[in-house]
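Here's a quick briefing to read with the model open in your viewer. Have a look at the structure, then follow the notes topic by topic.

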Amino acid sequence: YFYKFKDDYGGLARRLDPPIRSDQAKKAIATLESLRLIERDNEGYCRQTARVITTGKGYVRTLQTANFQAATMNLARESLDRHSREDRDISTLTLTVSPESLAKIKMEIEALQNRILKIVETDETVDRVYQVNFQVFPLTKHEEDSQ
């Protein structure tokens, strides 16, 4: 167990960064249970049903997934003020890219994601939850689209 949780919604809410209200924690636990992402053990403690959960390659983009991804991007922005550099890593690259290079960049991101997943799958001493976001998106339009 990363965090032995059994109905102390206030404690769970305070453990999060940023913290939430206990009623929000209770609703989140109910949602995670209904999605079968967590389940109760014989003693009533919640545990993850899978060590790693990912939308994976070829996932169907849903409104819920898009909302989740937008929320994690907002948390990343807020992390600039909330967390020390030792507890986070946020970097940016602004590049000129061809369609061929974009395809290669996407493949590199996928390969890195897979390497990170392998690291956490074998980690037996976890003490925090981290969010890892990868983003690549255009800042300009194609020339023909801007006329």
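Two rings from Phe, Tyr or Trp count as a pair when their centres lie within 6.5 Å, and planes over 60 degrees apart make the pair edge-to-face. Keep in mind that this is a predicted model. With that in hand, a search through the whole structure turns up one aromatic pair.

**Aromatic rings**

- The pair is Phe-5 with Tyr-9: their ring centres are 5.2 Å apart and the planes meet at 65°, so this one is edge-to-face.
- Phe-5 counts as buried, because its relative accessibility is 4% and the cut-off is under 20%.
- Tyr-9 also falls on the buried side, at 17% relative accessibility.
- Tyr-45 has a lysine over its ring: the charged end of Lys-4 sits there, 4.5 Å from the ring centre.
- The charged end of Lys-6 sits over the ring of Tyr-45 too, at 5.3 Å from the centre.

**The nonpolar core**

- Both rings of the aromatic pair turn up again in the largest nonpolar core, where Phe-5 and Tyr-9 are joined by Leu-12, Ala-13, Ala-25, Ile-29, Ile-38 and Cys-46, making eight residues in all.
- Two elements, α1 (9–15) and α2, each give two or more residues to this core.
- The largest share is from α1, which supplies three residues.
- Leaving out residues up to four places away in sequence, Ala-25 touches Tyr-9, Leu-12, Ala-13 and Ile-20.

**Helix α2 and what follows**

- Helix α2 covers residues 22–34, which is 13 residues; at 1.5 Å a residue it should span 18 Å, and its end C-alpha atoms are indeed 18 Å apart.
- Just past α2, Arg-36 adopts a positive phi of about 60°.

**Thr-49 and its partners**

- Where does Thr-49 sit? You'll find Thr-49 in the loop between β2 (46–48) and α3 (63–82).
- Thr-49 is partly exposed, with a relative accessible area of 36%.
- Arg-36 is 13 residues away from Thr-49 along the chain, yet their C-alpha atoms are separated by 7.0 Å.
- The side chain of Thr-49 reaches the backbone oxygen of Arg-36 at 2.8 Å.
- Setting aside residues up to four places away in sequence, Thr-49 touches Arg-36, Leu-37, Ile-38 and Glu-39.
- One of those partners, Ile-38, is also a member of the largest nonpolar core.

Definitions and conventions
Residues are numbered from 1 along each chain as its sequence is written. This is a predicted model: local features need pLDDT of at least 70, side-chain atom pairs count only at pLDDT 80 or more; totals for chains, interfaces and linings use all residues. Side-chain values use heavy atoms; hydrogens and water are left out. Rings of Phe, Tyr and Trp (its six-membered ring) pair if their centres lie within 6.5 Å; planes under 30 degrees apart count as stacked, over 60 as edge-to-face and the rest as tilted. Buried means under 20% relative accessible area, exposed over 50%, partly exposed in between (1.4 Å probe, protein chains only). A charge sits over a ring if NZ of Lys or CZ of Arg is within 6 Å of the ring centre and within 35 degrees of the ring normal. Helices (H or I, at least four residues) and strands (E, at least two) are DSSP runs, numbered from the N terminus. The expected span of a helix is 1.5 Å times one less than its number of residues. A nonpolar core is a set of buried Ala, Val, Leu, Ile, Met, Phe, Trp, Tyr and Cys residues joined through side-chain atoms within 4.5 Å. Contact means heavy atoms within 4.5 Å. A polar contact is a pair of N or O atoms within 3.5 Å; within protein, one must be able to donate a hydrogen and the other to accept it, and residues adjacent in sequence count only if both atoms are side-chain atoms.
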